[in-house]
Amino acid sequence: MTAPLDTIMSADWAEALAPVEPKIREMGDFLRREHAEGQRTLPRSEDIFRAFKEPFQEVKVLIIGQDPYPTPGHAMGLSFSVRPDVRPLPKSLVNIYQELSSDLGIEPAEHGDLSAWSRQGVMLMNRCLTVRAGDSASHRGKGWEEVTDAAIRALGERSKPLVAILWGRDARTAGQLLGPDVPKLESVHPSPLSAHRGFFGSRPFSRANEALESLGIDPVDWRLT
């Protein structure tokens, strides 16, 4: 990553992340070493900062994921989202759609592309922005957390309020960086391993909209079709 930050993310995100620009450059070097060693990394380079393409000041809901999907062709730079042609959908995303239907009566989309949420100010950000193909969590602890922690703190320090949806222990821990004044909607992760222990029935979508409206912010249209 040698290009200026404002060419790989929105200008206001580039300004917000300026303090960690050296770390972003280090991560570019790290990925080049991975590739030199024959490793394939995901997502594509042009999608690594896709969650940061929408304006920093327009973020009204933050959803924190863990890592990009390690299956080639799935990861596209937004947490929990996959490319429109991916079939079958990841099981965590199927569970998200099931809860969306139960919560708001919205029929599950046939595709798994959550870009429509992103365009409305729902930031779908993974703690780690890359992963080795076929090797889940392989880039944890390599440096991305410093970048995404800075992003979370910057959102919490803005004058404009937002709401956080935090699924799973890692997301809940990271969400504390937002500070005490940001409404946080917490539950277990939508993974098949945990969804039946508190994700189903947690109503994150309607509760997020209720919290937004209480803050004087327009609710999200969660429909994807």
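Is Phe 205 buried or exposed, and what is its relative accessible area? I looked this up first, and Phe 205 is buried, with a relative accessible area of 0%. In my notes, buried means under 20% relative accessible area, exposed means over 50%, and partly exposed lies in between (1.4 Å probe, protein chains only).

A note on what I am reading: this is a predicted model, where local features need pLDDT of at least 70, side-chain atom pairs count only at pLDDT 80 or more, and totals for chains, interfaces and linings use all residues. Residues are numbered from 1 along each chain as its sequence is written, and side-chain values use heavy atoms, with hydrogens and water left out.

Next I turned to aromatic pairs. Rings of Phe, Tyr and Trp (its six-membered ring) pair if their centres lie within 6.5 Å; planes under 30 degrees apart are stacked, over 60 edge-to-face, and the rest tilted. I find 11 aromatic pairs by this rule. In one of them, Phe 80 meets Trp 167 edge-to-face, at 5.3 Å centre to centre with 75° between the planes. Both of these residues, Phe 80 and Trp 167, are buried.

Back to Phe 205: its ring centre is 5.0 Å from that of Trp 222 and the planes are at 70°, so this pair is edge-to-face. Trp 222 is buried too, with a relative accessible area of 1%.

Then I checked for a cluster. Phe 80, Trp 117, Trp 167, Phe 199, Phe 200, Phe 205 and Trp 222 form one aromatic cluster.
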